[in-house]
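Here is a friendly walk through one model, from its salt bridges to its strands, a helix and its cysteines. Have the viewer open as you read.

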Amino acid sequence: AFIRQDDQVVARMSARLQAPVNQKRLTNIVVVRLKKAGIRFEIACYPNKVQDWKNKTEKSLDDVIQVMTVFTNVSKGVLASSEELKKAFSSDDHRKCCLEILNHGELQVSEKERKDVLEQTFKDIATIVAEKCVNPDTGRPYPPGMIERAMHDVHYSVNPTKTAKQQALSVIKLLQEKGSLKLERAKMRLLLVLGEASLQQIKDKDLLASIESTTASSTAGSQQVQCLIDPSFFRDINEIVKKEGGSVEVLSVNAAQDSQTE
């Protein structure tokens with residue numbers, strides 16, 4: 001019985017020694033795959049980080065890739081050989097190869113995961129639109145749920161390669177053109193310090209929604225103007241004011257929202 005027990009121990013040790021040395025198993029990961037030189041390469045990344053890298057909101061490679069190693073099959077833990085890497089990437093430097101796979105490969109997700117991501121992005125877009133826009137008749141924002149229904153009405157499809165913020169402005173234009181909701185951008189409140197010539201130039205271009213107050217400035221020949229503008233005109237106003245040596249201060253990015261909390 002003693003000998004048989006030793007045999008069992010040896011058998012288990014032998015089995016471990018015979019396991020392929022180029023295998024490494026990982027859990028709680030997402031896979032990015034790239035096929036090159038006829039070989040499938042994969043890297044194991046942290047969930048939710050790949051899209052951040054693609055959108056350039058994540059800059060650290062080590063915070064995106066879970067292990068800086070190239071696989072031919074992540075789920076089975078099979079590592080790419082040095083020969084395979086040199087054939088496809090002209091280098092067996094795993095970090096360089098991982099970077100190329102991350103930049104040019106495709107994120108592998110299940111159909112359910114893909115659906116969940118698209119649904120969440122759809123909701124995020126609606127929330128951003130609700131924060132940026134108001135009903136022009138009431139000056140008040142719409143609830144995100146109402147924006148979602150309007151997006152469904154115009155059959156808006158989420159672009160999985162863009163962030164919710166990037167898509168929100170396109171959705172605003174689409175709803176303004178085809179939607180059933182009356183929608184306009186919420187006004188920004190600015191404090192401008194500028195000369196009469198600059199103010200007149202801004203007025204001539206019809207860049208102000210309204211002037212709330214005008215007071216003399218401590219700077220000679222200048223005045224302080226508190227005003228409301230459409231956000232799309234901010235860049236033009238900023239260029240005019242700064243060109244003449246004035247200043248622009250953003251008091252509020254959503255004046256309507258501020259008035260509700262006062």
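A residue counts as buried under 20% relative accessible area, as exposed over 50%, and as partly exposed in between. By that scale Glu212, at 36% relative accessibility, is partly exposed. Please keep in mind throughout that this is a predicted model.

**Salt bridges**

Glu212 is a good place to begin, since its side chain meets that of Arg189 in a salt bridge, 2.8 Å from N to O. Arg189 belongs to strand S8 (residues 188-195) and Glu212 to strand S9 (residues 210-216), so this pair ties together parts that lie 23 residues apart in sequence. Unlike its partly exposed partner, Arg189 counts as buried, because its relative accessibility is 17%.

The count of salt bridges comes to 11. Three of them are set out here, with the distance between the closest N and O atoms.

| Basic residue | Acidic residue | N to O distance |
|---|---|---|
| Arg189 | Glu212 | 2.8 Å |
| Arg40 | Glu42 | 3.5 Å |
| Lys123 | Glu148 | 3.7 Å |

The salt bridge between Lys123 and Glu148 links distant parts of the chain: Lys123 sits in helix H5 (residues 111-132) and Glu148 in helix H6 (residues 144-153), 25 residues apart. With 42% relative accessibility Lys123 is partly exposed, while Glu148 is buried at a relative accessible area of 17%.

In the pair formed by Arg40 and Glu42, Arg40 is partly exposed at 33% relative accessibility, and Glu42 is buried at 3%. This pair does not stand by itself: salt bridges with shared partners join Arg33, Arg40 and Glu42 into one network.

**Strands S1, S2 and S5**

How do strands S1 and S2 pair? S1 (residues 30-36) and S2 (residues 39-45) run antiparallel, with 7 bridges between them. One bridge partner to look up is Ile43 in S2, which faces Val32. The two strands make a hairpin with 2 residues between them, and Ala37 in the turn has a positive phi of about 55°.

S1 also pairs with strand S5 (residues 106-108), again in the antiparallel sense, over 3 bridges. There, Val31 stands opposite Gln108 of S5.

After S2, the loop leading to helix H2 (50-54) holds Pro47. Pro47 is partly exposed, at 31% relative accessibility. Leaving aside neighbours within four places in sequence, Pro47 is in contact with Asn28, Ile29 and Val30. From Pro47 to Val31 the C-alpha atoms are 9.0 Å apart, with 16 residues of separation in sequence.

**Helix H3**

Which residues of helix H3 (residues 82-89) are buried? They are Leu85, Ala88 and Phe89. Those three lie on the same side of H3, because they cover an arc of only 75° around the axis. In general, an α-helix has 3.6 residues a turn, so residues three or four places apart point the same way. Glu83 and Lys87 are exposed on the other side of H3. The cover over the buried residues of H3 includes S1, S2 and helix H4 (94-104). Just after H3 comes Ser90, with a positive phi of about 60°.

**Cysteines**

Why does Cys98 form no disulfide? Its sulfur is 7.2 Å from the closest cysteine sulfur, that of Cys97, which is too far for a bond. The structure as a whole holds 0 disulfides. Cys98 is buried, at 0% relative accessibility, and Cys133 is buried too, with a relative accessible area of 2%.

Methods: Residues are numbered from 1 along each chain as its sequence is written. This is a predicted model: local features need pLDDT of at least 70, side-chain atom pairs count only at pLDDT 80 or more; totals for chains, interfaces and linings use all residues. Side-chain values use heavy atoms; hydrogens and water are left out. A disulfide is a pair of cysteine sulfur atoms within 2.5 Å. Buried means under 20% relative accessible area, exposed over 50%, partly exposed in between (1.4 Å probe, protein chains only). Two strands pair if DSSP finds at least two bridges between them. Helices (H or I, at least four residues) and strands (E, at least two) are DSSP runs, numbered from the N terminus. The arc is that of the directions from the helix axis to the C-beta atoms. Contact means heavy atoms within 4.5 Å. A salt bridge is a side-chain nitrogen of Lys or Arg within 4 Å of a carboxyl oxygen of Asp or Glu.
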